[in-house]
Structures are given as C-alpha cells and as structure tokens.
Amino acid sequence: MRTLLGAHVLGALPPGEDRRVVDHLAGCELCRAAYLEVAGMPSLLALCDEDDLL
C-alpha cells in the first residue's frame, strides 16, 4: 500500500484504487503516518518550475 501513497497524494490513481488507499489509511496507523509525511508534497511541487525538476 505504501507504494501507492505518492500517486494517491498527487491524485494520479484511478478512482477504485484511490478508494482502496483511502479505506486502508482509515485502518492502518503506519500507512497513515507515512501518508502524512508526503501529504504536503503537491504544494511543494507547485513551488518548483520546470528547471527545478530536471
């Protein structure tokens, strides 16, 4: 499940798989903690321009 967290945070999962991640996070404290570590990533990525990402 942890391998899907980055895609979930970026909104890149299909709806069914995204739902599966959300349901899992509701019951798994370890994955929820890992999710909180990456949850702010989209905001940080928005601060970068293309040159920063290459």
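**Notebook: contacts of His8 and the helices around them**

I began with the neighbours of His8: leaving aside residues up to four places away in sequence, His8 touches Leu13, Asp18, Val21, Val22, Leu25 and Tyr35. I noted at the outset that the model is predicted. His8 itself lies in helix α1, residues 5-9. I then looked up its accessibility. His8 has 13% relative accessibility and therefore counts as buried, the cut-off being under 20%.

Next I checked confidence. The mean pLDDT of the protein is 90, and 100% of the residues score at least 70. By element, α2 has the highest mean, 97, and helix α4 (residues 41-46) the lowest, 78.

I went on to the overall layout. I counted 5 helices and 0 strands, and along the sequence the pattern reads α-α-α-α-α. Along the principal axes, the C-alpha atoms fill a box of roughly 40 × 20 × 15 Å. Of the 54 residues in the protein, 19% are buried. I also looked up how far apart in sequence the contacts reach: taking those between residues at least 6 apart, 40% join residues at least 24 apart.

I turned to one helix pair. Helix α2 covers residues 15-27 and helix α3 residues 29-38; the two pack at an angle of about 115°, and their axes are 6 Å apart. That angle makes α2 roughly perpendicular to α3. I recorded the crossing of α2 past α3 as left-handed.

Which residues of α2 and α3 meet? On the α2 side I listed His24, Leu25, Ala26 and Gly27, and on the α3 side Glu29, Cys31, Arg32 and Tyr35. By class, the residues of this contact comprise 4 nonpolar, 2 polar and 2 charged. Two of these residues were already in my notes: Leu25 and Tyr35 are among those touched by His8. Leu25 is on the α2 side of the helix contact and Tyr35 on the α3 side.

Last, I looked at helix α5, residues 50-53, where Asp52 is found. Is Asp52 buried or exposed? Its relative accessibility is 51%, so I entered Asp52 as exposed; the cut-off for that class is over 50%. I also took a distance from Asp52 to Glu37. The two residues are 15 apart along the chain, and their C-alpha atoms are separated by 21 Å.

To close the entry, I set the two accessibility results side by side: His8 in α1 is buried at 13%, whereas Asp52 in α5 is exposed at 51%.

Methods. Residues are numbered from 1 along each chain as its sequence is written. This is a predicted model: local features need pLDDT of at least 70, side-chain atom pairs count only at pLDDT 80 or more; totals for chains, interfaces and linings use all residues. Side-chain values use heavy atoms; hydrogens and water are left out. Axes are lines fitted to C-alpha atoms, for helices over the stretch in contact, and angles run from 0 to 180 degrees between N-to-C directions. Helices (H or I, at least four residues) and strands (E, at least two) are DSSP runs, numbered from the N terminus. Angles under 35 degrees count as roughly parallel, over 145 as roughly antiparallel, 65 to 115 as roughly perpendicular and the rest as oblique. A crossing is left-handed if the near helix is turned anticlockwise from the far one by less than a right angle, and right-handed if clockwise. Contact means heavy atoms within 4.5 Å. Ala, Val, Leu, Ile, Met, Phe, Trp, Tyr, Cys and Pro count as nonpolar, Asp, Glu, Lys and Arg as charged, and the others, Gly among them, as polar. pLDDT is the predictor's confidence in each residue, from 0 to 100. Buried means under 20% relative accessible area, exposed over 50%, partly exposed in between (1.4 Å probe, protein chains only).
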